[in-house]
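Visitor: Could you walk me through the open and enclosed spaces in this one, and then the helix packing?
Guide: Gladly, let us have it in view before we start.

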Amino acid sequence: MGEMEDLCVTECTRCPALVDSRSRIVNGTGPEDADMVFVGEGPGAQEDADGEPFVGRSGTVLDDGLRTVGLARDDIRITNCVRCRPPENRDPHKAELENCRGYLERELDRLDPDVIVTLGKVPSEHLLGRSVAVTKEAGSVEDVRIEGTPRRVLICVHPAATLYDRSQEETFENALQRAAELADVEGSEGGQTRLDGF
């Protein structure tokens, strides 16, 4: 059904629609001892092509936002709720999220991060187990049990939201700032730069 070596799913056929639409399984990237784990929804076209999460335009926004709060992509782990690209970039179905959940739980278990940052509605609702108004709740932290282990989850808007709505930029940055403080990142007080060029 599915095989996971270390933190990588090497083979999985649990979701027929996703098996058909993916060109590869996209696993998480980043250090295995990262204090912060960012969880997105699933791979898009660019991620499916490159085999890495958040490499398209929203990846650029994420990288810029991290830099603003004194972090680099190399400091954090980025993964997704589902590891295969849904057709036409639709949201993953409930069954697909459930099929992939064990992989995510194992990854979080191994990493044991200080904070899990959910990027957007799907991962927020998936990990908190309730409906989430992301824009309103961005920056708030909730303690939740994942596989029986208490975890701190910080709700964040999806980086792409800032591309469509400039007012989300500040919301996004403030949530990243909060995450950096929770993970106690050195120099997380000093981010002065603004996101330019959008």
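Guide: Before the pockets, a word on naming: helices are DSSP runs of at least four residues, numbered from the N terminus. Please keep in mind that this is a predicted model.

Visitor: OK, so which helices help line the largest pocket?
Guide: Helix H3, residues 57–68, and helix H7, residues 161–164, each supply at least two residues of that lining.

Visitor: What volume does the largest pocket have, and which residues are closest to its centre?
Guide: The largest pocket has a volume of about 360 Å³, and of the 17 residues that line it, Gly-42, Gly-44, Glu-47, Ser-58 and His-158 are the closest to its centre. By class, the lining of the largest pocket divides into 7 nonpolar, 6 polar and 4 charged residues.

Visitor: And the second largest pocket, what lines that?
Guide: The second largest pocket has a volume of about 210 Å³, and the residues lining it include Asp-91, Pro-92, Lys-94, Glu-125, Gly-129 and Arg-130. The elements that give two or more residues to this lining are H4 and H5, and the largest share, 4 residues, comes from H4.

Visitor: How do the residues of that lining divide by class?
Guide: The lining of the second largest pocket divides into 3 nonpolar, 2 polar and 6 charged residues.

Visitor: Switching to helices, at what angle do H4 and H5 cross?
Guide: The axes of H4, residues 94–111, and H5, residues 121–128, come within 12 Å and cross at roughly 75°. Since angles of 65 to 115 degrees count as roughly perpendicular, H4 and H5 are therefore roughly perpendicular to each other.

Visitor: Which residues make the contact?
Guide: On the H4 side they are Leu-97, Glu-98, Arg-101 and Leu-104, and on the H5 side Val-122, His-126 and Leu-127. These contact residues divide into 4 nonpolar, 1 polar and 2 charged. Leu-97, Glu-98, Arg-101, Val-122 and His-126 also appear in the lining of the second largest pocket.

Visitor: Back to empty space: how many cavities of 30 Å³ or more are there?
Guide: The structure holds 1 cavity of 30 Å³ or more, and about 110 Å³ of space lies in the largest cavity. Of the 15 residues that line the largest cavity, the closest to its centre are Cys-12, Cys-15, Leu-18, Cys-84 and Cys-100.

Visitor: Which elements supply that lining, and what is its make-up by class?
Guide: Strand E2 (8–12), helix H1 (16–21) and H4 each supply at least two residues of the lining of the largest cavity, with the largest share, 4 residues, coming from H4. By class, this lining has 10 nonpolar, 1 polar and 4 charged residues.

Key
Residues are numbered from 1 along each chain as its sequence is written. This is a predicted model: local features need pLDDT of at least 70, side-chain atom pairs count only at pLDDT 80 or more; totals for chains, interfaces and linings use all residues. Side-chain values use heavy atoms; hydrogens and water are left out. Axes are lines fitted to C-alpha atoms, for helices over the stretch in contact, and angles run from 0 to 180 degrees between N-to-C directions. Angles under 35 degrees count as roughly parallel, over 145 as roughly antiparallel, 65 to 115 as roughly perpendicular and the rest as oblique. Contact means heavy atoms within 4.5 Å. Ala, Val, Leu, Ile, Met, Phe, Trp, Tyr, Cys and Pro count as nonpolar, Asp, Glu, Lys and Arg as charged, and the others, Gly among them, as polar. On a 1 Å grid over the protein atoms alone, a cavity is a set of points where a 1.4 Å probe fits but cannot get out, and a pocket is an open set with protein on both sides within 12 Å along at least five of seven lines; lining residues have an atom within 4 Å of a point. Grid points are joined across faces, edges and corners, and a volume is the space filled by probe spheres set on the points.
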